[in-house]
Amino acid sequence: MSFVEYNDFIQDGDVAIVYLGHDSLMPVKVQQGAQTQTRFGAIRHSTDLIGHRYGSKVTCSKGGWVQVLHPTPELWTVCLPHRTQILYTTDIATITMMLELKPGSVVCESGTGSGSLSHAILRTIAPTGHLHTVEFHQQRAEKVAEEFKEHRVDHLVTVRNQDVCKDGFGVSGVADAVFLDIPSPWEAVKHAKAALKRHGGRVCSFSPCIEQVQKTCEALADQGFEEISPMEVLLRVHDVRNIYLPLPDFGPESFAQTEPDAQQQAPNHASVTLKTTTPPREIPGHTGYLTFATKPRT
Ligand code: SAH
């Protein structure tokens, strides 16, 4: 098992994702002889997990069953242990596309936080890319480095425990893309520029407040970045529902001429049923603004 390569069978030392139903997921470190308690009873790793196929149903000791899934960055994002606020897949998908990440890309990131975005970046840039991630909180830097090892992606990432605003990313002229998720990104813009390749690259900054976006845009413009474009990703879900439209009453003879379909749908001769969707008037989905920019070739 690795977060960047699929394996059919569960092995000792893997991190598997247990699906308990109703959108509930739990990461499990698979260990010979160990047990994991769930509300359906215990899962015995040696007999219930090791050697079984990812995707199998496992019957727990109280008779209920769970499903054991191969880890992916998307599943990790919804069940990882939170040390900080994290980025979710809707924003991550846009970040990956707009930063033009692909296998082989070199990326700088700060802060690492709980590593939600980092795992998605690593899956995209594998097998030949590299992530340089900077986190100034020592325990968080240590914890995420441990997780990268457990998830067998540590060969693709360097974790640095330093202040990105003071000390930068620890590399210069190597990055294709830089991502910032820190409270004062404008203080790190000059370091982002230095980390990017001489022939240019892309940068993105995530901030919850528009005042942070304004300051970041000013710093990006001062440093010669182009195509500065702040945006927000809101998911607009359309609900399908039935509506009942009254049929106009033109007297007893007129109904016989109506379409047979409408007659069927209107057995009481009074209304017709239609399916329709309405977009929500408000979308309470603000996470933060994403500000993208391009460093031109120098
Ligand atoms: N994008 C991350 C979450 C980042 S939370 C995820 O998806 O999991 C922001 C992190 O930035 C915190 O862990 C904080 O400690 C770190 N941070 C804030 N300012 C920093 C700085 N100047 N240098 C390095 N890290 C910083």
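## A quick tour of a predicted fold

The side chains of T36 and H45 are joined by a polar contact of 2.7 Å. Keep in mind as you explore that this is a predicted model. Below we start with T36, move on to a sheet of 7 strands, and finish with some salt bridges.

**Around T36**

- You will find T36 in strand β3, which covers residues 35-38.
- T36 counts as buried because its relative accessibility is 15%, and the cut-off for buried is under 20%.
- Leaving out residues up to four places away in sequence, T36 touches M26, V28, G41, A42, I43 and H45.

**The open sheet**

- Follow the 7 strands across the open sheet and you meet them in the order β9-β8-β7-β10-β11-β15-β12, with mixed pairing.
- Why is one side of β9 and of β12 left without a neighbour in the sheet? Strands β9 (157-160) and β12 (226-231) stand at the edges, so each has a single partner strand.
- From one strand to the next, the twist averages 15°.
- Strands β12 and β15 (residues 289-295) run antiparallel and are joined by 4 bridges.
- In this region, E226 stands opposite T294 of β15.

**Helices on the sheet**

- Helix α3 (residues 89-98) lies across β10, β11, β12 and β15, and runs at about 10° to β15.
- Helix α8 (residues 210-222) also packs on the sheet, where it touches β11, β12 and β15; its direction makes about 5° with that of β15.
- A93 belongs to helix α3, and its relative accessible area of 45% makes A93 partly exposed.
- Although A93 and D181 are 88 residues apart along the chain, 15 Å separates their C-alpha atoms.

**Salt bridges**

- The count of salt bridges comes to 8, and three of them are worth finding in the structure.
- R53 pairs with D8, with the closest N and O atoms 4.0 Å apart. This pair links distant parts of the chain: R53 sits in the loop between α1 and β5, while D8 is in the segment before β1, 45 residues apart. Both are partly exposed, R53 at 46% and D8 at 37%.
- K143 and E146 meet at 3.3 Å, N to O. They are 3 residues apart in helix α5 (residues 138-150), so about one helical turn separates them.
- D176 forms a salt bridge with K197, and their closest N and O atoms are 2.8 Å apart. D176 lies in the loop between α6 and β10, and K197 in the loop between α7 and β11, 21 residues apart. D176 is partly exposed at 22% relative accessible area, and K197 is partly exposed at 22%.

Key: Residues are numbered from 1 along each chain as its sequence is written. This is a predicted model: local features need pLDDT of at least 70, side-chain atom pairs count only at pLDDT 80 or more; totals for chains, interfaces and linings use all residues. Side-chain values use heavy atoms; hydrogens and water are left out. Helices (H or I, at least four residues) and strands (E, at least two) are DSSP runs, numbered from the N terminus. Buried means under 20% relative accessible area, exposed over 50%, partly exposed in between (1.4 Å probe, protein chains only). A polar contact is a pair of N or O atoms within 3.5 Å; within protein, one must be able to donate a hydrogen and the other to accept it, and residues adjacent in sequence count only if both atoms are side-chain atoms. Contact means heavy atoms within 4.5 Å. Two strands pair if DSSP finds at least two bridges between them. Axes are lines fitted to C-alpha atoms, for helices over the stretch in contact, and angles run from 0 to 180 degrees between N-to-C directions. A salt bridge is a side-chain nitrogen of Lys or Arg within 4 Å of a carboxyl oxygen of Asp or Glu.
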